[in-house]
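Please open the structure in a viewer and keep the selection tool at hand. The tour below proceeds by selection, one stop after another.

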Amino acid sequence: SLVVLFGATAGAYGAKLGSDERELILLVWQVVDLHSKKVGTLHKSLVKADNLDLSDQCREVSGLTPEGLGKAEPLDRVLQQFSQLVSSDLKVLGRSSYTLCSDGQLLIRQVLHPETSKKNFLLSDCFYSFYDLRKEFHSCYPSSAAVKDQTIKTMAEYLGLGTDEAEEDFGVWQVKTMVAIIFSMLSEGCNHVFTEPETVKYKYETGPCSKSETVDSETVIRARGLPWQSSDQDIARFFKGLNIAKGGVALCLNSQGRRNGEALVRFVNSEQRDLALERHKHHMGSRYIEVYKATGEEFLKIAGGTSNEVAQFLSKENQVIIRMRGLPFTATQEDVLGFLGPGDAFVLFSCEEYAQNALKKHKEILGKRYIELFRSTAAEVQQVLNRYMSTPLIPTLPTPIIPVIPPPYTIATGSIRDCVRLRGLPYTAGIDDILEFMGDATGDIKPHGVHMVLNQQGRPSGDAFIQMKSADKAFMVAQKCHKKMMKDRYVEVFQCSGEEMNFVLMGGTLNRSGLSPPPCKLPCLSPPAYAAFQTAAVIPAEAAALYQPQALLPTTRTPQASTAAPPTVTYYPAQAAQLYMNYTAYYPSPPVSPTTVGYIAAPPGAVAAPATATHTPILPQPGALVRMQGLPYNTGMKEILSFFQGYQYAPDDYNGLIQLSDQARSVLQAPKEWVCL
């Protein structure tokens, strides 16, 4: 027997059902005996949602009102009634078992499973197996429209069935038409047999992943904005109703080995991945989660491993992994076992009960340190051990590093109008969008000549500057691309000079009334003079580990003797873009891709030579480094400088500020000395 099931939510309808996280408000069903071709009673049940604010589309299509829904039963009670009424109808028809049949995947996978998971009650077993009528129809009638283009109405029209929806209530017509379609498929001309139902996994299965595996990029997504304490099971619950591949949740770690709020998730096929993308900005608790496409290569980089020891550790089925962080460096395996009691600092427990007991020891003392305990995953084991087997996450001493970039590049200066300014860019636009917008003119861009302008929060401001090979090339681009469309916005393109570009990159403004200087008003930010040098950046290894490789550091200013101007004059150097790193980030032009730039540690012997030849190291003396942790995420450079307002340093020894990524929330400074006023 089949139970033909139709439902609707308080929000989107049709192909977007469930994509807006709105609650179920209607269920309609009817039992169909496939052998006798008899049907049971047609049932229609309204569902009282927690939020009775109906969308305009829902009101128009369903004809339902908040007042009517306010008198209905909640979802858990409706599902109980559903089970009771189905059992009763089956007895009347002389049947005992059944499988659900719905119009597509969305009602069961994208509505029922996610909603019941959030409301913390279990669905009965019947909701873990169902027939997709669209797939069954296309299998029976191969010449019909593609599965993704099918609807109840198109299937009925293909068979020549009546399609006047106005004759019946919303939901009733849909179920009656689905039953008529099924009877047509069972007719002598087709004799269709329902044999392979869709399945929903009961739970997520953990497991290891090898770097030698082939992972289809059409099955992987990146989830961003996760609570730091979320586990693989929490993520699987967020995607409840969709089938995640075994070991398919990989929690991403930052350069310090801590979770960074992102995860890569691998699904069993592209269809499940596409449904997962529809959960973009759905909520996990009070936080919304962003969901984007990712690649198989990215997944293997996080989850894949090559160590036989790790593979053997992770090979046991149905185990629970707990990660211990903060262990004393002298801790031994015996110390760990003594701390936890019998168990097998990743620790594998044989069952959930033992793991829960172990987690009660979170932040208890081992030796002289408290130990953090939290649930872990196979992918996290791979990431941590892969890193430790290659190089430490952070060196014990801050070793200078060599940026793996082409030869040092310069920022344009002077009054030659060989630059263009792009204004009004979509806030989602990246360097690839800009290069596509430029078209054939990308060949005339100087190396490392694309500069994205960011606001004080480090987000795109809608502006960008591009250095062209000549003023003529800049003029041609401005003429060709001015007010050309990028995505859904037109972009203004103006010819400008390198001097004008640098004022904006420093935080100044450029408009019809001319140049307005950047906000350098504090005395410590306006020394009499600066010296500018185009040398490769050399920063501490710890900073390189924290700094995101997508953004290149600008060139470092090295102090040299210079003649001081009168103290009443405020001077804004063309090369002082490093002073306002929160306003701008530099991206390389082709052929170097932003994602290919990384850093490697310099061998001890290689550090001195380049330092003496081209620049002064950024750390001239031990103890000159100040690191700030725990900054609010909206902190800008002004707030940091105000925090240190009571201190000053010698202007001629100023080496600049480097604001790291939002993820690191750190600032490195290198003054000669701090003096309390």
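Begin by selecting the cysteine sulfur atoms of this predicted model. A disulfide requires two such atoms within 2.5 Å, so by this rule the count comes to zero disulfides. Next, display cysteine 209 and cysteine 252. Are they buried or exposed? Cysteine 209 has a relative accessibility of 6% and counts as buried. Cysteine 252, at 4%, likewise counts as buried.

**Helices H5 and H6**

Select residues 133–140, which form helix H5, together with residues 152–159, which form helix H6. The two helices pack at an angle of about 25°, and their axes lie 11 Å apart. That angle makes H5 roughly parallel to H6. Viewed along the packing, the crossing of H5 past H6 is left-handed. To see the contact itself, show the side chains of Leu133, Arg134 and Phe137 in H5, which meet Met155, Tyr158 and Leu159 in H6. By class, this contact comprises five nonpolar residues, one charged residue and no polar ones.

**Helices H6 and H7**

Keep H6 on display and add residues 172–185, which constitute helix H7. What is the angle between H6 and H7? It is about 45°, with the axes 10 Å apart. H6 and H7 are therefore oblique to each other. Here too a left-handed crossing is found, as H6 passes H7. On the H6 side, select Ile152, Lys153, Met155, Ala156 and Leu159. On the H7 side, the residues to select are Trp173, Gln174, Thr177, Met178, Ile181 and Ser184. Sorted by class, the contact of H6 with H7 has seven nonpolar, three polar and one charged residues.

**Helices H5 and H7**

Now hide H6 and view H5 with H7. These helices pack at an angle of about 30°, and their axes are 11 Å apart. H5 and H7 are therefore roughly parallel to each other, as the limit for that description is an angle under 35 degrees. Their crossing is left-handed. Leu133, Glu136, Phe137 and Cys140 of H5 make the contact with Met178, Ile181, Ile182 and Met185 of H7. How do these residues divide by class? Seven are nonpolar and one is charged, with no polar residue in the contact of H5 with H7.

With the three helices shown together, some residues recur between stops. Leu133 and Phe137 of H5 appear in the contact with H6 and in the contact with H7. Met155 and Leu159 of H6 meet residues of H5 and also take part in the contact with H7.

**Two loop residues with positive phi**

From H7, move to the loop between that helix and strand E7 (198–199), where asparagine 191 is placed. Its phi is near 50°, a positive value in a residue other than glycine. Then select lysine 281, in the loop between helix H9 (270–277) and strand E12 (282–284). The phi of lysine 281 is near 70°, again positive in a residue other than glycine. With a relative accessibility of 42%, lysine 281 counts as partly exposed.

**Arginine 77 in helix H3**

For the final stop, select residues 75–93, helix H3, and pick out arginine 77 within it. At 39% relative accessibility, arginine 77 counts as partly exposed. Add lysine 48 to the selection and compare the C-alpha positions: the two residues are 29 residues apart along the chain, and their C-alpha atoms are separated by 9.9 Å.

Definitions and conventions:
Residues are numbered from 1 along each chain as its sequence is written. This is a predicted model: local features need pLDDT of at least 70, side-chain atom pairs count only at pLDDT 80 or more; totals for chains, interfaces and linings use all residues. Side-chain values use heavy atoms; hydrogens and water are left out. Axes are lines fitted to C-alpha atoms, for helices over the stretch in contact, and angles run from 0 to 180 degrees between N-to-C directions. Helices (H or I, at least four residues) and strands (E, at least two) are DSSP runs, numbered from the N terminus. Angles under 35 degrees count as roughly parallel, over 145 as roughly antiparallel, 65 to 115 as roughly perpendicular and the rest as oblique. A crossing is left-handed if the near helix is turned anticlockwise from the far one by less than a right angle, and right-handed if clockwise. Contact means heavy atoms within 4.5 Å. Ala, Val, Leu, Ile, Met, Phe, Trp, Tyr, Cys and Pro count as nonpolar, Asp, Glu, Lys and Arg as charged, and the others, Gly among them, as polar. Buried means under 20% relative accessible area, exposed over 50%, partly exposed in between (1.4 Å probe, protein chains only).
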